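Student: I have a model open and want to work through it. Can we go step by step?

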Amino acid sequence: MANNLLDLTIIVLIYLALIIYVGYVAWRRTKSADDYMVAGRATHPFIMALSYGATFISTAAIVGFGGVAGVYGMGLLWLTFLNILVGIFIAFVFFGKRTRKIGHNLKALTFPELLSRRFNSKFIQYFSGAVIFLGMPLYASVVLIGMARFVETTLSINYNIALVALAIIVSVYVIFGGIRGVMYTDALQGTIMFIGMIILLGATYWILGGVTGGNQALTNLIHVVPAQSTAVAAATGFTGWTSMPSLGSPFWWTLVSTLILGVGIGVLSQPQLAVRFMTVKSNRELNRAVLIGGIFIFMMTGTAFIVGALSNVYFFNTIGKIAIQVVGGNADNIIPAFISAAMPVWFAYLFMITLLSAAMSTLSAQFHVQGTSLGHDIYETVSGKKGRASVLMARLGIVVAVIIAVILGFTLPPNIIAVGTAMWFSLAAAAFLSMYAFALFWKRSTKAGVISGLVIGTVVSVFWIVFEFTTSAEALGISKALTGKSVLITTAPWPTVDSIVIALPIAFVITIVVSLLTKPPSKEHIEKCFSGVK
Amino acid sequence: MVLGINDPWVWGAYIGSILAMLLCVVYGIINWNKGGEDEEGEIKEEMNWHKKEKEMEKKELGIWDEEG
């Protein structure tokens with residue numbers, strides 16, 4: 001134990017020293033704006049891609065979705081596929097380039113501001129700000145939970161204490177260094193994450209007898225484990241860890257609509273990610289970032305999902321149980337339990353640093369976006385006041401966001417990380433994606449059209465989350481209190497269909513129809529927005 | 001059976017993820033030097049945006065991270 005403590009102390013100290021050193025170098029090299037532009041040029045695509053990747057991939061993706069893969073199996077790799085194809089390729093090549101140019105043309109600083117200026121509507125800015133400020137705490141909270149679960153398992157510390165301690169560490173980081181995601185430290189965090197995940201993937205396959213051997217063992221596992229271990233899951237459509245669930249079963253709908261589509265598509269309209277496109281200098285940086293980002297995301301989510309699924313083989317071979325049995329039914333604990341059991345202690349500590357990196361880079365961006373939503377997008381737009389009062393509001397916003405995240409961390413049920421993430425991504429997609437996509441690609445879209453899509457998408461999504469989607473409706477209990485039924489329509493598959501499947505198409509159709517029925521925007525405005533867009 | 005997995009819908013995701021990654025790599029290599037032609041104009045535009053952003057941060061968040 002004394003040795004372990006020494007290992008831990010050494011690893012944490014090296015980590016902190018690195019972060020401080022990189023922060024210092026970045027600070028030294030960027031005294032003036034000119035220096036920033038010149039010095040930043042050589043390293044920028046690397047920094048940009050890793051910083052985007054580190055913000056995108058959090059503990060929620062690694063611990064939460066990795067744990068989910070332990071339950072749902074490798075079918076979850078469709079999410080990795082979408083993360084790379086949509087979250088990196090389409091996001092950078094198509095959305096990123098236009099976001100950058102139009103954002104600069106309109107001098108927009110936040111995501112809601114970009115949309116509001118593109119359509120000349122203050123309503124868009126404060127309504128979007130409100131959706132972000134009210135919806136994002138759930139996401140921030142599950143990122144914290146992911147980290148706390150890992151610390152709980154690795155260091156045998158009480159979960160509640162871990163949660164509060166981590167919230168304090170992250171707050172200090174956000175307030176004193178990372179508030180605008182100082183990109184250099186983000187990139188360092190990304191590098192640490194990358195190394196940690198490569199080792200994890202390699203070691204796991206090595207322990208289980210290679211790629212084909214390990215996968216084969218997982219394929220065979222369903223025939224080996226006692227039927228009662230998987231009876232509950234099998235009754236809802238589970239067929240094994242390397243086969244898709246029965247088409248149309250509740251298990252299938254959760255995997256495909258909530259976990260894969262919700263997050264896979266929802267990533268396009270994440271405010272904290274979209275704003276990063278406006279920070280790069282030219283399309284060249286985005287082109288280069290595609291290369292680095294593609295590899296990074298593959299290593300992050302691919303590793304998490306493959307290892308999560310394979311943990312079943314490891315646990316069954318060593319203690320005769322499948323992963324979800326080992327952790328007493330809470331999938332959030334599968335990845336932490338696997339690493340504690342299968343990897344050497346030093347790696348568990350290194351991985352803890354990996355997760356701390358992942359959590360800090362995501363949380364700092366989340367808290368920052370929530371702060372600017374309240375200060376810049378809501379308060380300033382509604383009151384018209386700038387300066388001191390809006391500083392206070394933004395800071396207040398950050399404090400409130402942290403407090404809400406911690407309170408949710410205490411009260412949310414087990415198995416929440418992946419579902420909570422997916423709920424926020426679905427909501428953000430329903431609210432913003434049609435408006436954002438049309439803002440960039442359809443000059444004929446009108447203010448009335450996108451506002452209709454924004455409001456109706458948000459309302460439908462929230463309604464579905466509160467009254468129809470079983471997982472969220474039961475956790476919230478509002479439907480039960482108001483109508484006496486936990487969900488309104490009980491006929492399958494509706495209670496297991498994610499809100500994104502319903503709300504996103506509705507938002508798109510409404511936006512198109514209303515746009516076509518209303519007067520097109522002025523030519524001058526469109527020219528101003530799209531100046532220089534190829 | 002591919003890579004020890006029977007279901008084509010699952011090994012398809014496994015291989016598809018690798019192919020998607022390769023798409024990003026190939027795209028990045030082909031376009032490594034493209035899109036930076038109007039460097040000076042872009043730098044000016046970026047500086048403008050960056051300055052605005054810093055102003056917002058200073059004014060609204062009360063921070064000053066010396067980045068520019």
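The questions below deal with burial, helix geometry and contacts in this predicted model.

Student: Where is the kink in helix 4 of chain A centred?
Tutor: Helix 4 spans residues 77–105. Its axis bends by about 60°. The centre of that kink is A:A91.

Student: Is helix 4 of chain A largely enclosed or largely open?
Tutor: Count its buried residues. A residue is buried if 20 or more other C-beta atoms lie within 10 Å of its own. In helix 4 of chain A, 22 of the 29 residues are buried, so the rest of the structure leaves this helix largely enclosed.

Student: Which helix gives the largest share of the largest nonpolar core?
Tutor: That core has 202 residues, and A:M74, A:L76 and A:L144 touch the most other members. The largest share is 21 residues, from helix 13 (residues 283–319) of chain A.

Student: Which residues does A:L144 contact, leaving aside neighbours within four places in sequence?
Tutor: A:L144 is one of the core members that touch the most others. Its contacts beyond that window are A:L163, A:L166, A:A167, A:A359, A:A405 and A:G409.

Student: Is A:L433 buried or exposed?
Tutor: A:L433 sits in helix 18 of chain A. The cut-off for burial is 20 or more other C-beta atoms within 10 Å. A:L433 has 24, so it is buried.

Student: How far apart in space are A:L433 and A:Q270?
Tutor: In sequence they are 163 residues apart. Beyond its neighbours within four places, A:L433 contacts A:L268, A:S269 and A:L504. From C-alpha to C-alpha, A:L433 and A:Q270 are separated by 8.8 Å.

Technical notes. Residues are numbered from 1 along each chain as its sequence is written. Chains are lettered from A and ligands numbered from 1 in the order in which they are written. This is a predicted model: local features need pLDDT of at least 70, side-chain atom pairs count only at pLDDT 80 or more; totals for chains, interfaces and linings use all residues. The bend at a residue is the angle between axes fitted to the seven residues ending there and the seven starting there. Helices (H or I, at least four residues) and strands (E, at least two) are DSSP runs, numbered from the N terminus. A residue is buried if 20 or more other C-beta atoms lie within 10 Å of its own, exposed if 12 or fewer, and partly exposed in between; C-beta atoms are placed from the backbone. A nonpolar core is a set of buried Ala, Val, Leu, Ile, Met, Phe, Trp, Tyr and Cys residues joined through C-beta atoms within 7 Å. Two residues are in contact if their C-beta atoms, placed from the backbone, lie within 7 Å.
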